[in-house]
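Let's take a walk through this protein chain together. We'll start with its sulfur links and then turn to some unusual spots in the backbone.

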Amino acid sequence: MIAVVLVASGLVFASFSQKGYVCLSEWTPPSPAPTTAPGASPELGFYQDDMGHIHTSTIPQQVKYTFCPPASGAHYNAAGVAGPIQARLYGPNEATVPQNWVHNMEHGAIVILYRCQSGDDGCSDAQQTAFKNFYSTFPNSPICNQPKGGVLTPVITRFDDMAFPYAAMVWDYVLPLQQWDPEQVLQFYAERGERTNPEKLCAAPSPSPGPSDSTAPSTQPTSDVPTPAGS
């Protein structure tokens, strides 16, 4: 069923009562965890099979995802209206859908999801305060050095259709969490952020300069997504 659309602060969301997406399965991390070479530090997060990155300007439109939470897939293409959406904390009653925030990940953003089923604490006042504190000190992005906010990163929002209470995601990678762990989330973003996304916000860093080459790495935006103010 197509979702009822709510318009709040200029953004388009779907209601909790009628979903605007379909999950064919709840994604779970592979078991056992992937091994690493002797002496190597394992990177956080698990690869999720890519579901493409088709854009749609039809709003609302129901989208089918092979896995939920989806770390890729079809999504809205209406910046600031339906996707990519404003980077901020979305409260328990602000019902975003994957079509809103998958576009943020397509440009390198991290999306942090919290579940609000029975026994979860994601919607508690204490956890919402923890999210606010996390957002207030969120660092610049690892490759493009973009500051928090604007239309990209981080997005922190409720999502109930997942097998764990919390998840941090960048394009094609998921870090499932049984408990909120801001240090692991930041480490995951530092390791994975802005590396696998199909639409880059900036050029890849140039190779390290030689003794006679003082050219600095290029981080100029290469995307049509607006650059956040103050960047």
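Before anything else, a word we'll need: a disulfide here is a pair of cysteine sulfur atoms within 2.5 Å. In general terms, a disulfide is a covalent bond between the sulfur atoms of two cysteines. Keep in mind as well that what you're looking at is a predicted model.

So how many disulfides does the structure hold? There are 3 disulfides. If you count the bonded cysteines along the chain, they pair up in the pattern 1-2, 3-4, 5-6. Let's visit them in turn.

Start with Cys23 and Cys68, which form a disulfide with their sulfur atoms 2.1 Å apart. The angle about the S-S bond is -75°, and this link of Cys23 and Cys68 is left-handed. The pair ties together distant parts of the chain, 45 residues apart: Cys23 sits in strand 3 (residues 21-23), while Cys68 belongs to the loop between strand 6 and strand 7. Are the two ends buried or exposed? Cys23 has a relative accessible area of 26%, so it counts as partly exposed. Cys68 is at 0% relative accessibility, which means it is buried, the cut-off for buried being under 20%.

Move along to Cys116 and Cys123, whose sulfur atoms are 1.7 Å apart in another disulfide. Which way does this link turn, left-handed or right-handed? With 85° about the S-S bond, the link of Cys116 and Cys123 is right-handed. As for the surroundings, Cys116 counts as buried because its relative accessibility is 18%, whereas Cys123, with a relative accessible area of 27%, is partly exposed.

Next come Cys144 and Cys202, a disulfide with its sulfur atoms 2.0 Å apart. Here the value about the S-S bond is -85°, and the link of Cys144 and Cys202 is left-handed. This pair, too, joins distant parts of the chain: Cys144 is in the loop between helix 2 and strand 9, Cys202 is in the segment after helix 3, and their positions lie 58 residues apart in the numbering, as they are 58 residues apart. Both Cys144 and Cys202 are buried.

Now for the backbone. Go back to Cys68 for a moment, as there's something else to see there: the peptide bond from Cys68 to Pro69 is cis, with omega near 5°. Pro69 is in the loop between strand 6 (63-65) and strand 7 (75-76), and that loop between strand 6 and strand 7 also holds the disulfide cysteine Cys68.

Where else can you find a cis peptide bond? Look from Thr153 to Pro154, where the bond is cis with omega near -5°. Pro154 is placed in the loop between helix 2 (125-136) and strand 9 (155-158), and Cys144 is in the loop between helix 2 and strand 9 as well.

Two more residues deserve a stop, this time for their phi angles. Asp172 isn't a glycine, yet its phi is positive, at about 75°. You'll find Asp172 in the loop between strand 10 (166-170) and strand 11 (173-177). Its relative accessible area is 9%, so Asp172 is buried.

Glu194 is the other stop: phi of Glu194 is near 60°, again a positive value in a residue other than glycine. Glu194 lies in the segment after helix 3 (182-192), and Cys202 is in the segment after helix 3 too. With a relative accessible area of 10%, Glu194 is buried.

Definitions and conventions. Residues are numbered from 1 along each chain as its sequence is written. This is a predicted model: local features need pLDDT of at least 70, side-chain atom pairs count only at pLDDT 80 or more; totals for chains, interfaces and linings use all residues. Side-chain values use heavy atoms; hydrogens and water are left out. Helices (H or I, at least four residues) and strands (E, at least two) are DSSP runs, numbered from the N terminus. Buried means under 20% relative accessible area, exposed over 50%, partly exposed in between (1.4 Å probe, protein chains only).
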